[in-house]
Amino acid sequence: MASEHATNNGSRRRYQYIDKFLSKPGPSTDPDFVPGGPTIANLERSKVLVIGAGGLGCEILKNLAMSGFRDIHVIDMDTIDVSNLNRQFLFRKDDVGMSKAEVAAASVMKRCKDVKITPFNGKIQDKDEEFYMQFKIIVCGLDSIEARRWINATLCSMVDMDNPESLKPLVDGGTEGFKGQARVILPTLTSCIECQLDMHAPRPAVPLCTLATIPRQPEHCIEWAKIIAWEEHRKDTVLDTDDPEHISWLYEKALNRAKEFNIPGITYQMTQGVVKNIIPAIASTNAIIAAACCNEAFKLATSCNPNLTNYMMYTGDDSIYTYTFEHEQKPDCPVCGNLAKTIMVNPNQTLQEFIDSLGERPEAQLKKPTLRTESTSLYFQSPPSLEEQTRPNLSKKLGELISDGEEIGVSDPAFTIDFKFKLVFQS
């Protein structure tokens, strides 16, 4: 049993409660569950990738290391900022400016000496399929919908039905203030992130006329400083949202505009949050969602209990509430489905207006789309020669370019897949 698996008397002491749990079957254990040493050894051998080493990622790394996983990898492109220190507990003041992935890995390994954590400082898009193929489970603690969509599409494209090892379960967690969610995705077999995209609708944009003439909220003044004042006074300088001098300049401009319209509440921290689109993070929410994600990773690695099917939402702003449901796979999902997604359009809408709408539609959210039909190139974002050649189509009406019910292919440089849409004219 567990004692037989231990290599020496003290090596398993940290995991004695987990060993007890894995040493006997329960009423809900998987039929393939083998209690004792083989399952414990399998848990230790399971290579897990954690994407993100921020507020959620710190909790996930700590939980996985304390749950018996011995081979963990973590990837994050960010460096540590002083504002991270209030909740990202693996970091200290002396770590500011250093790689989050590297510091987080070293911090956990210092406390859990029998765990190996391999850090990668960079973008997930810089890694190829061979890199992701080595992992048994991937756990996401991201704060970006675009990054989630990219890793989701990549894992779905990797699936080979003749090779069961090509299917990599994705456990995804996300938080926003006192709200959060955890979900388990089995690529091509269950509902994927793209199927659930309309649950994460883009935030509505503030009309430019409101920013320019009648701001009503502190955020309007900050957006005015970012969009209008910067263009007027510093248009030759690229705005760097990580540069304190740039943020300070925007703060001063926003503060003066707020005083002009008697709008209180502008602070440097608020300016930084609006400009960088920072969502307030609550340490307790991160802890709860990370625990749910790591619980699912543990179940996937050991088969000790059925995994989540397949979406859990949590809210702590009005008491504490959780709800679990099965999000259904969509046959017209551009990633895991095989049908084109139907979009109702106005045939009198110009191609430019339709392209703009793709960035706002909850089911699309594409920022730089290239469009084509089976026989015609509608518009190419790049290279410049093709962009110039197809630019005249932008002012044409959809009814002039395509027929009712025609399918178009859409690609975006942010994603590894092509999207298929069936455009149906509104009567």
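**Exercise 1.** In this predicted model, find which residue of β6 stands opposite glycine 174, and then describe how strands β5 and β6 are joined.

*Solution.* Start at glycine 174 and look across to β6, where glutamine 181 stands opposite. Next, follow the two strands along their length: β5 covers residues 170-176 and β6 covers residues 179-185, and the two run antiparallel, joined by seven bridges.

**Exercise 2.** Place β5 and β6 in their sheet, and name the edge strands.

*Solution.* Read the order of the open sheet, which is β3-β2-β1-β4-β5-β6-β7-β8, with mixed pairing. The edge strands, each of which pairs on one side only, are β3 (116-121) and β8 (321-325). Finally, look for the helix α12 (residues 283-302), which lies across β4, β5, β6 and β7 and runs at about 175° to β5.

**Exercise 3.** Decide how the ring pair of phenylalanine 21 and phenylalanine 298 should be classed, and state whether phenylalanine 298 is buried or exposed.

*Solution.* A pair of aromatic rings is described by the distance of the centres and the angle of the planes. Here the centres are 6.3 Å apart and the planes stand at 40°, so the pair is tilted. Then locate the partners: phenylalanine 21 lies in helix α2 and phenylalanine 298 in helix α12, so the pair ties together parts that are 277 residues apart in sequence. For the last step, note that buried means under 20% relative accessible area; phenylalanine 298 has 9% and therefore counts as buried, whereas phenylalanine 21, with 44%, is partly exposed.

How values were computed: Residues numbered from 1 in each chain as written. Predicted model: local features only at pLDDT ≥ 70, side-chain atom pairs only at ≥ 80, totals over all residues. Heavy atoms only, no water. Pairing = 2+ DSSP bridges. Helix = DSSP H or I, 4+ residues; strand = E, 2+ residues; numbered from the N terminus. Contact = heavy atoms within 4.5 Å. Axes fitted to C-alpha atoms, helices over the stretch in contact; angles between N-to-C directions. Phe/Tyr/Trp six-rings, centres within 6.5 Å; stacked < 30°, edge-to-face > 60°. Buried < 20%, exposed > 50% of the residue type's maximum accessible area, 1.4 Å probe, protein only.
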